[in-house]
Each structure stands twice: as C-alpha cells, then as structure tokens.
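With the sequence and the coordinates side by side, let us walk through this fold one region at a time, beginning with strands and ending with a single side chain.

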Amino acid sequence: MAGRQKSPESLDARILAALRRRGRGCVVVPSDFLDLGNRRAIDVALHRLVRAGSIRRLARGVYDYPKEHPQLGPLLPPPEAVASAIAGRDRVRLQPAGAYAANTLGLTEQVPAKVVFLTDGPSRTVIVGGTTIQLRRTTPRNMEPSGRLSGLLIQAFRELGRDHVTPERRAHLKRTLPAAERRKLLDDLRLAPTWMHPILRELAAART
C-alpha cells in the first residue's frame, strides 16, 4: 500500500520548525529545505508562510524569519546574512569590499547604501529595504584570501587609499584585531598591492 502523502500544513509546520531551530533573524533560500520535500512543494509552502505573515520575502527566492523589535516591529537582516544565503545557494565564495569592508573593521563610520561583496560566482544585485547588496564577480586572485582577515584588510585599504590608512587607523586595528589573526597576515602578503606590505607587516608584528 502506498504511503500517504504529507499534507501542505505538515510541510509548512516542518519548515517553521526548521526556522525556529535556526533562530529569529535567519535568512534562507528554498534549497535550504529540500530535505523536507521537492522544490515546487517548498516554493508553494514558503509562499503560504509569507501570506500568513510567518516569514518575509526579501527578494526573489530569498526569505527571512525576522527578528521583532518591541517598538520598530520586524527588523531587516544584516547585508552579510542576505549575501551569505545567496552564496550558499549558488555554492560560491564572498569577500566584503569597498566601504562595507572598511566599516566592518571600524575604520569608518560611514554606513554604505550600497554593500559590495566580491564573488567567484555570477554578478547579481539584490535590494533589501533601502540597501543595495551587490555581488560583483572578480578575479581568482582577489578571492584567494576570502574568509580571512587579510582579504578584509586588503579590500578596506583599497577603499581608503594609501594616504588614509593613517597611524590612528592602524592603532585601532592593533587594538581590536586578535594578535593571533594579525600574525597570519604575512601568509597572504603576496596577494596585497606593494604599498600595503609595510602596513600589513606592522600589524602582524604588533604585540598589542
């Protein structure tokens, strides 16, 4: 005797249970739930959950289980969470770049309206709230240090420019970045422009 098919309500409940395990604020794509059903069924279930107000559609094929603020209501997820969900779906790597990289390191207080991530996957743009999140395809050399402190620093320094990586900003990095991580910068020196080499060596050698 053939087994009974699961009801739509059962699939919705299983997706919601998976979201609760991830926690409020998580960003997901349909392929995150393929262990629960086929792609078409997942798409339809997510659409139902959006209509019910249980989850939110951020962009085509991108959803979140939003955190709730007592006064402000549902909060938007950070750009990196959105980009990471897309990267996980497409099986590509990300490297924060531009003003976002500098802001992440605390080198500037500027909160960019456009958040740029370099990627080894296809270029794409997603708008979430008032923020444009751009995945920009780049060279293998730029992606080689992705996921490491060196990649973030190289992109932040490129954004600031040589004359603006000041002693004050270098002192800030020495205070805020773990010494163990800074020592690893020398491993990726060859990936940085020549003008950054003395700065990266200084950061790697600092004891504070």
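In this predicted model, strand β2, which covers residues 56–59, pairs with strand β3, residues 62–65, in the antiparallel sense, and the pairing runs over 3 bridges. One of the bridge partners can be picked out directly, since R57 is matched with Y63 in β3. Between the two strands of this hairpin lie 2 residues, and here G61 takes a positive phi near 75°.

The hairpin belongs to an open sheet of 3 strands, arranged in the order β1-β3-β2 with antiparallel pairing. Strand β1, residues 26–28, and strand β2 are the edge strands, each of them pairing on one side only. Neighbouring strands of the sheet are turned by 35° against each other on average, if direction is ignored. As general background, strands of a sheet pair through backbone hydrogen bonds, in either a parallel or an antiparallel way. Helix α3, made up of residues 79–90, lies across β1, β2 and β3, and runs at about 30° to β1.

From the sheet we turn to the nonpolar interior. The largest nonpolar core has 22 residues, and those with the most contacts inside it are L105, L107, L153, F157, L173, L200 and L203. The elements that give two or more residues to this core are α4 (98–104), α6 (149–160) and α9, and the largest share, 7 residues, comes from α6. A view of this packing from one position is offered by L153, which, leaving aside its neighbours within four places in sequence, is in contact with L105, L173, L177, L185, L200 and L203. Apart from this core lies another, of 19 residues, with V27, V82, L94 and V128 among them.

Two helices deserve a separate look. The axes of helix α7, residues 167–176, and helix α9, residues 197–205, come within 10 Å and cross at roughly 35°, and the crossing is right-handed. On the α7 side the residues that meet the partner helix are R170, L173 and K174, while α9 brings I199, E202 and L203. By character, the residues of this contact divide into 3 nonpolar, no polar and 3 charged. The buried residues of α7 are R170, H172, L173 and K174, so that charged residues of the helix contact, R170 and K174, are listed as buried under the cut-off of under 20% relative accessible area. What covers the buried residues of α7 includes α6, α8 (179–183) and α9.

Finally, where does W195 sit? Its place is in the loop between α8 and α9. W195 counts as partly exposed because its relative accessibility is 21%, whereas buried would require a value under 20%. Not counting residues up to four places away in sequence, W195 touches F157, G161, R162 and V165. One of these, F157, is also listed among the residues with the most contacts inside the largest nonpolar core. W195 and T166 are 29 residues apart in sequence and 13 Å apart in space, taken from C-alpha to C-alpha.

Key:
Residues numbered from 1 in each chain as written. Predicted model: local features only at pLDDT ≥ 70, side-chain atom pairs only at ≥ 80, totals over all residues. Heavy atoms only, no water. Axes fitted to C-alpha atoms, helices over the stretch in contact; angles between N-to-C directions. Helix = DSSP H or I, 4+ residues; strand = E, 2+ residues; numbered from the N terminus. Left-handed = near helix turned anticlockwise from the far one by under 90°. Contact = heavy atoms within 4.5 Å. Pairing = 2+ DSSP bridges. Core = buried A, V, L, I, M, F, W, Y, C linked by side-chain atoms within 4.5 Å. Buried < 20%, exposed > 50% of the residue type's maximum accessible area, 1.4 Å probe, protein only.
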